Amino acid sequence: MMKSLKIGSLVVMALMLLFVRANAQTGAEKVKIGDTMPQFTLNSEVYGTVTPADLKGKVVLVSLFATWCGPCQKELAEVQSTLYPKYKDNESFRLLVIGREHTDAELTKYNTRKKFTFPLYPDPKREVFSLFADQSIPRAYLFNKEGKLIYTSIGYTPEEFQKLMDSIEEALKY
């Protein structure tokens, strides 16, 4: 009797763990491959206002980060050295790097310290971030010229960044 009670308790605990884990995973990703870009407004005193309507017909990379995030620092350094120089003058491409829970003033100070040359848009209340996900940064979302999500990543590795670069190149062909 005691043995079956222990087994039953273990089964219940395992099911609860699976349920919690499944909910965490489904709650984390709000935009999936093939989805249309969420409707949002980025307001920056430095770089102006951006909405999805301003991005029609462009390949758009939405990069979500925080200044305190180690993997974000690595990814943004790669954006500065590789991605931005390659695509900054391409009329068919737009880079939106969004600082989760950061103000314009914080991002300006950060940009000065890091010497990044690409724009950083504030998202002080996580309003834009929450349209894409509940947690985890850095995150990259690549939308094609029709505004459909074609690539996404969480975290940073050199291999993943290369896949992103390849995906941008491929999307710009069409």
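**Exercise 1. Find where helix α2 kinks, and check its length against its residue count.**

Solution. A kink of about 45 degrees is centred on V79 in α2; the bend at a residue is the angle between axes fitted to the seven residues ending there and the seven starting there. Helices (H or I, at least four residues) and strands (E, at least two) are DSSP runs, numbered from the N terminus. Next, the length. The expected span of a helix is 1.5 Å times one less than its number of residues. For the 18 residues of α2 (residues 70-87) this gives 26 Å, and the end C-alpha atoms lie 24 Å apart, which agrees.

The model is a predicted one, in which local features need pLDDT of at least 70 and side-chain atom pairs count only at pLDDT 80 or more, while totals for chains, interfaces and linings use all residues. Residues are numbered from 1 along each chain as its sequence is written, and side-chain values use heavy atoms, with hydrogens and water left out.

**Exercise 2. List the buried residues of α2 and state what covers them.**

Solution. Buried means under 20% relative accessible area, exposed over 50%, and partly exposed in between (1.4 Å probe, protein chains only). By this rule C72, Q73, E75, L76, V79, Q80, L83, Y84 and Y87 are buried in α2. An α-helix has 3.6 residues a turn, so residues three or four places apart point the same way. The cover over the buried residues of α2 includes β3 (59-65), β4 (93-100), α3 (104-114) and α5 (158-172).

**Exercise 3. Place L83 in the nonpolar core.**

Solution. A nonpolar core is a set of buried Ala, Val, Leu, Ile, Met, Phe, Trp, Tyr and Cys residues joined through side-chain atoms within 4.5 Å. The largest one has 49 residues, and L83 and L96 have the most contacts inside it. Contact means heavy atoms within 4.5 Å. Leaving out residues up to four places away in sequence, L83 touches L61, E78, F93, L95, F161, L164, M165 and I168.

**Exercise 4. Identify the disulfide and give its handedness.**

Solution. A disulfide is a pair of cysteine sulfur atoms within 2.5 Å. The structure holds one, joining C69 to C72 with an S to S distance of 2.4 Å. The torsion about the S-S bond of C69 and C72 is about 80 degrees, so the disulfide is right-handed. C69 and C72 are both buried.

**Exercise 5. Describe the backbone at I137, P138, S136 and R126.**

Solution. I137 and P138 are joined by a cis peptide bond, with omega about -5 degrees. P138 sits in the loop between α4 (129-132) and β6 (139-143), and S136 is also found in the loop between α4 and β6. Phi of S136 is near 75 degrees, a positive value in a residue other than glycine. With a relative accessible area of 36%, S136 is partly exposed. R126 lies in the loop between β5 (120-123) and α4; its phi is near 60 degrees, again positive in a residue other than glycine. R126 is partly exposed at 24% relative accessible area.

**Exercise 6. Decide which stretch should not be read in detail.**

Solution. pLDDT is the predictor's confidence in each residue, from 0 to 100. Its mean over the protein is 87, and 84% of the residues reach 70 or more. Over residues 7-27 the pLDDT is below 50, and this stretch has two contacts in the model beyond near neighbours in sequence. Where pLDDT is low, the predicted coordinates should not be read in detail.
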